[in-house]
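Biologist: Hi, got a minute to go through this structure with me? I'd like to start with the helices.

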Amino acid sequence: MKKDAHGGNIYKKAKELGIPEERILDFSANISPLGLPEEIREAVIGSIDGLINYPDPECTELREAIARADGVKKEWITCGNGGADLLYRIAFGLKPRRVLLPVPAFVEYEEALTAAGAEMVYHRMGESLLPGDDLLPKIRQDVDMLVLCNPNNPTGLLLDREYLLKVMDRAEEEGVHLLLDECFLEICMEDEAHTLIPYLEKYPHLMILKSFTKLYAVPGIRLGYLLSSDPGVIGAVNHAGQSWSVSTIAQKAGVCALTLKDYKKKVKEAVAAELTYMKEALKALPVKVYDGQANYLFFRAPGCTDLDRRLEERGFMIRNCSNYVNLGEDYWRIAVRDHEANRRLIGAMRDILIPYTHKKNT
């Protein structure tokens, strides 16, 4: 059976299982466990009267808010209809011929870049699933772009800033663009120590992708942005998209979201606490758990390739990672939700995996 390329499709799964959508506990999409902030809900409702007009094609108010929040120039910012929209605009705007991609990595990178004609050059990471110094010699002039995700999707593993700066030095020397996806970084406790936003001016070949989706629980709004100090990059990405890619509703939601400092702090604390609980709980099961720092956990259940189907029978959706290059059928990713939901998932996994492992070993 073909695995879905992305998580979060509760509509399809509910139809397949013949149950209402509300009966599914979705651990396949990684959204803030605190849910939609009331302030954003009110901002969305308050923007409705403005729908009679076209949205601001330059996202002026939103870019000014992002500039203040991230400490960058507004000219370094372009906004899009979610991170995925920007990936395609980067691909078609810059049209890289060869792209270096450490794998496993988010499947949308390859989908967007190959759609624009790029050849993918895979760097298969070893057992640690982290890139090392062996990546550096591959960053050379016959490659146009390198893509990294920090924290990585699907592993949740963080790259140290020191390592990223070493990569960026090499990329700048060789004239290679680095697309650094930081969409999940703001949910991590030590995000400020890992982001490369302060280095945008130093490195014109650096591009940083950001999204509102995960932190603020607004996947249905579709809102992301790209940072680059190179006006040529911003111009090319803008030219590759249509003028009104960000709706009035999304722009107002984004401006509101950037004022919610207390909400962001609460999300990070809630995720950190549940990560600790879930890692310890998973260690008691017959799985290999990776020390991810994002709002999801990555693990391998050796030999168990139908864990998703078994959990679906109990009303849970999780993410199979077999469609990530460099991973097999028994690799999985689960979101961090509220404690009660997490407790129920762990209980269901225990009921499935312990008898499965015992049967396999007898």
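Modeller: Happy to! Let's begin with helix α9 (residues 248-257): 8 of its 10 residues are buried, so α9 is largely enclosed by the rest of the structure. Buried here means under 20% relative accessible area, exposed is over 50%, and partly exposed lies in between (1.4 Å probe, protein chains only). Helices (H or I, at least four residues) and strands (E, at least two) are DSSP runs, numbered from the N terminus.

Biologist: Before we go on, what should I know about the model and the numbering?

Modeller: This is a predicted model, in which local features need pLDDT of at least 70 and side-chain atom pairs count only at pLDDT 80 or more, while totals for chains, interfaces and linings use all residues. Residues are numbered from 1 along each chain as its sequence is written, and side-chain values use heavy atoms, with hydrogens and water left out.

Biologist: Thanks. Which residues of α9 are buried?

Modeller: Thr248, Ala250, Gln251, Ala253, Gly254, Val255, Cys256 and Ala257.

Biologist: And what do the buried residues of α9 pack against?

Modeller: Their partners are α2 (38-46), α3 (60-70) and α7 (213-216). Contact means heavy atoms within 4.5 Å.

Biologist: Switching to strands: what is the order in the open sheet of 4 strands?

Modeller: The order is β9-β10-β13-β12, with antiparallel pairing. Two strands pair if DSSP finds at least two bridges between them.

Biologist: Which strands stand at the edges?

Modeller: β9 (288-289) and β12 (319-320) do; each has a single partner strand, so one side of each is left without a neighbour in the sheet.

Biologist: How many bridges join β10 to β13?

Modeller: There are 5, between residues 296-300 of β10 and residues 331-335 of β13. Arg300 stands opposite Tyr331 in β13.

Biologist: Which strands does helix α10 lie across?

Modeller: α10 (residues 261-283) lies across β9, β10 and β13, and runs at about 15 degrees to β10. Axes are lines fitted to C-alpha atoms, for helices over the stretch in contact, and angles run from 0 to 180 degrees between N-to-C directions.

Biologist: Now the pockets. What about the second largest one?

Modeller: The second largest pocket holds about 340 Å³ of space. Of its 18 lining residues, the closest to its centre are Ala69, Asp70, Glu186, Ile197 and Lys264. α3 and α10 each supply at least two residues of that lining.

Biologist: How are you defining a pocket, and a cavity for that matter?

Modeller: On a 1 Å grid over the protein atoms alone, a cavity is a set of points where a 1.4 Å probe fits but cannot get out, and a pocket is an open set with protein on both sides within 12 Å along at least five of seven lines; lining residues have an atom within 4 Å of a point. Grid points are joined across faces, edges and corners, and a volume is the space filled by probe spheres set on the points.

Biologist: How many cavities of 30 Å³ or more are there?

Modeller: The search of the whole structure finds 3. The largest has a volume of about 90 Å³, and of its 13 lining residues, Pro102, Met125, Leu148, Cys149 and Asn152 are the closest to its centre.

Biologist: Which element gives the most to that lining?

Modeller: β5 does, with 3 residues.
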